[in-house]
Structures are given as structure tokens and as C-alpha cells.
Amino acid sequence: MKSVVLSAALVVAALISAPAASAMALGNYLLHIPERRDFHTYVWAAISPCRNPDNSKRTDCIDVLSMPQPIAKAIYGRGEAWLADGRYTMVIDDPFGLRCGDIYYGPTIPTHDVYTWDPNTLAGQMVSSFDAGCDGAPGGQLTYPFFLTRM
């Protein structure tokens, strides 16, 4: 009887002292950016926790592969998504990020894309910065809301 009571007490103590879950589950996600002028969709594979120099797992970071669908004029990206203040942040430099003219065959401009999102709602925004715009326009940045759907 003592062992049952002790086991129950340990379970209750573990539940009370457990930190709130704020990390995103590992797995595959469909990235939706409805307002971005692009014919691609992307699958993000949150593949593993990031590693420390001693190869131990981190709890504040996940490795993410970004896979375009279709692969035409797009790159496979890889980034580390850092969890801070309850939000993930990941940076991807995209050589085809800004599409000019014909969306399929027109010129493209490299972008520096910063994604931030809430791990619980899976909603966030992407700020895409570029040194020069389409047709000789000055550089700038565009902000797009996005959301992730677990696959």
C-alpha cells in the first residue's frame, strides 16, 4: 500500500512541477502564406532539437527543413528555429524570394526572410527584406502573415 501511495504522490508532484508545454512538436507542417505572390507551397519538417557543441539536445531550438512544392525556382532551406519569449524565430536567405513580372518565368530577387510564430497557435508572420525591388525599385521589406498546419 505504501508503494502505491508513494507512486501516486510522485506522479502528482511531477505534474505540478512540470513546466508548461511551449515547444512545438516535432513533425511535418504545411506552411501557408496566403498573401505572398508565389506559386509554391512549402513543407516544413521540424526534424530534431538543435544540438549544443557537446552534442546534447537543446530545449529552446529545433532544426527545420523547408521543402518547396514544386521545386522549380525554389530552394530547399534549413534553419534553426529559436524559442524565446514564447515565440519561435527562424531566418532563411532565399535567392528567389521576391518574384517580379511573370510569377513563373519572371526575374527574382534574393530576400532575407525572418519567420516568427507562436508554437501553440502555429500562426505568425514573415518579414521579407530585399536590397533592390522589382523593375529598379528601391529595396525594402514586405510582411506576410502565415500559419502552419500539422500534417
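**Aromatic rings in a strand barrel**

Biologist: How many aromatic pairs does the count come to?

Modeller: The count comes to seven aromatic pairs. Phe, Tyr and Trp rings (six-membered ring for Trp) pair with centres within 6.5 Å; planes under 30 degrees apart are stacked, over 60 edge-to-face, the rest tilted.

Biologist: Cool, how do the rings of W44 and Y115 sit?

Modeller: Their centres are 5.1 Å apart and the planes stand at 80 degrees, so this pair is edge-to-face. It links distant parts of the chain, with W44 in strand β2 and Y115 in strand β6, 71 residues apart. Strands here are DSSP E runs of at least two residues, numbered from the N terminus.

Biologist: What kind of model is this, by the way?

Modeller: A predicted model: local features need pLDDT of at least 70 and side-chain atom pairs pLDDT 80 or more, while totals for chains, interfaces and linings use all residues. Numbering starts from 1 along each chain as its sequence is written, and side-chain values use heavy atoms, without hydrogens and water.

Biologist: Back to the rings: is Y115 buried or exposed?

Modeller: Y115 is buried, with a relative accessible area of 6%. Buried means under 20%, exposed over 50%, partly exposed in between (1.4 Å probe, protein chains only).

Biologist: Which ring does Y115 pair with in F146's direction, and how?

Modeller: Y115 and F146 make an edge-to-face pair, 5.6 Å centre to centre with 75 degrees between the planes. Y115 lies in strand β6 and F146 in strand β8, so this pair ties together parts 31 residues apart in sequence. F146 counts as buried too, at 3% relative accessibility.

Biologist: And which residues make up the aromatic cluster?

Modeller: W44, Y88, Y115, W117 and F146 form one cluster.

Biologist: Switching topic, is W44 buried or exposed?

Modeller: W44 counts as buried because its relative accessibility is 2%. Its contacts beyond four places in sequence include G27, L31, S66, M90, Y115 and F146; contact means heavy atoms within 4.5 Å.

Biologist: Oh, S66! Where is it found?

Modeller: S66 is found in strand β3, residues 57–69. S66 is buried, with 6% relative accessibility. Apart from neighbours within four places in sequence, S66 is in contact with W44, Y76 and I92, among others.

Biologist: How do the strands go together overall?

Modeller: Eight strands close into a barrel, in the order β1-β2-β3-β4-β5-β6-β7-β8, with antiparallel pairing. Pairing takes at least two DSSP bridges. Strand β2, residues 41–51, is joined to β3 by nine bridges, and P49 stands opposite I62 in β3.

Conventions: Helix = DSSP H or I, 4+ residues; strand = E, 2+ residues; numbered from the N terminus.
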